[in-house]
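Thanks for coming. I will go through one structure today, part by part. Please have a look at the picture first.

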Amino acid sequence: MIKEFLSVGLFLVITATAGIGVALLWRRSGRRGRAAAIVCIAAAYLLLTYLISLWATRGGWPEGMFFMMAAVFVVPAAVVVLAVLLIIALFGGEGGRGRRAGLIASFTVLALILLALSFNRYLRFIWYWKDVHNPDPRTRAYAVLMVGETQLKIAEPIVLSAVRDPSPAVRRDAVLALASIDDPDTVEVVREALHDEDAGVREMAVIVLVPLGRGGPRVVTDLKQMLADPDPYVRDAAASGLDGIDRSWRAGPDVPEEYRNP
């Protein structure tokens, strides 16, 4: 939590400093001086934000996520404001209002396009891909999960490899990521995870198997076998999965007593 508050605090400080710097320099400089000052402040602001983001997001989930949520909204807005001020500083004294409005509108549209690119799946993949081999299991687990959520074909081998990670947390999130990829060819991998030594991984495999296996007859057989799992959460997940496929299974002759219909 200390790291989260520090990262957000630093982020707010440099944002406020950038605004104050522009306000002070606006009155003391000429047109070219204003433009140069804004460019320098914008460059410093983006550089410091990037450095803070690298530091904040090394902790994985949930560390750094408060900063990322703030940065996603504040950084683009600040960049747009600085860009508009730059245009006003350069062209504010020339031409009519229509020209200045057109320049501002054009730059704003460009800024919005750049913002939209930040949600591009390939860019998100690259951002999280750098941490799929991070020594910290929490960071690695979150990176694998987010890589899988991009639903890109290049993400599939990364997630499949993570299913055999030494860390149970990474294996659990990798199995969950397979649900996002939604490739029926990965059902066998999820089926293998049903026998994982970690109960959390087995539970996640049970949950993912139902949608990924499309509720087929073999899925029903697998889930019925999981009703004998030593972990109660795994057994309950299997029962819930079977209920989602067909509740009539509870009336079968081979159903454990605790799951039979009254």
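**A surface patch, two helices and some salt bridges**

I start with L51, which counts as partly exposed because its relative accessible area is 44%. This is a predicted model. L51 sits in helix 2, residues 31-56. Together with L47, L48 and Y50, L51 makes up a nonpolar patch on the surface, and the accessible area of the four is about 380 Å² together.

Next, the loop between helix 5 (121-129) and helix 6 (137-149), where N134 lies. Is N134 buried or exposed? Its relative accessibility is 16%, and the cut-off for buried is under 20%, so N134 counts as buried. The side chain of N134 reaches the backbone nitrogen of D136, at 2.8 Å. Leaving aside residues up to four places away in sequence, N134 touches T139 and R140.

Now helix 8, residues 168-181. What should its span be? It has 14 residues, and the expected span is 1.5 Å times one less than that number. That gives 20 Å, and the end C-alpha atoms of helix 8 are 20 Å apart, so the two agree. The buried residues of helix 8 are V170, R171, D173, A174, V175, A177, L178, S180 and I181. Note that R171 and D173 are on that list. The cover over these buried residues includes helix 6, helix 7 (156-162), helix 9 (187-193) and helix 10 (199-212). After helix 8 comes D182, which has a positive phi, near 55°.

Helix 12, residues 232-245, can be checked by the span rule as well. With 14 residues at 1.5 Å a residue, helix 12 should span 20 Å, and its end C-alpha atoms are 20 Å apart, which agrees. At the N-terminal end, D231 acts as a cap: one of its side-chain oxygens lies 2.9 Å from the backbone nitrogen of Y233. The buried residues in helix 12 are V234, R235, A237, A238, A239, G241, L242 and D243. Helix 10 and helix 11 (217-226) are among the elements that cover them.

Last topic: salt bridges. How many does the structure hold? There are 11. I will take three of them.

One is formed by K130 and D131, with the closest N and O atoms 3.2 Å apart. K130 is partly exposed, since its relative accessibility is 40%. D131, at 12%, counts as buried.

Another joins the side chains of E188 and R191, at 2.8 Å from N to O. Both residues lie in helix 9, three residues apart, which is about one turn of the helix. E188 is partly exposed, with 38% relative accessibility. R191 has a relative accessible area of 9% and is therefore buried.

R191 also forms a salt bridge with D222, where the closest N and O atoms are 2.4 Å apart. This pair links distant parts of the chain, as R191 is in helix 9 and D222 is in helix 11, 31 residues apart. D222 is buried too, at 8% relative accessibility.

Which residues are linked in a network of salt bridges? They are E188, R191, R218 and D222. If you want one place to look at again afterwards, take R191: buried, bridged to E188 and bridged to D222. That is all from me.

Terms used
Residues numbered from 1 in each chain as written. Predicted model: local features only at pLDDT ≥ 70, side-chain atom pairs only at ≥ 80, totals over all residues. Heavy atoms only, no water. Helix = DSSP H or I, 4+ residues; strand = E, 2+ residues; numbered from the N terminus. Buried < 20%, exposed > 50% of the residue type's maximum accessible area, 1.4 Å probe, protein only. Polar contact = N/O pair within 3.5 Å; in protein donor to acceptor, adjacent residues only side chain to side chain. Contact = heavy atoms within 4.5 Å. Patch = residues over 30% accessible without salt bridge, like charges linked within 9 Å, V, L, I, M, F, W, Y side chains within 5 Å. Areas by Shrake-Rupley, 256 points an atom, 1.4 Å probe, with all protein chains shown as cover.
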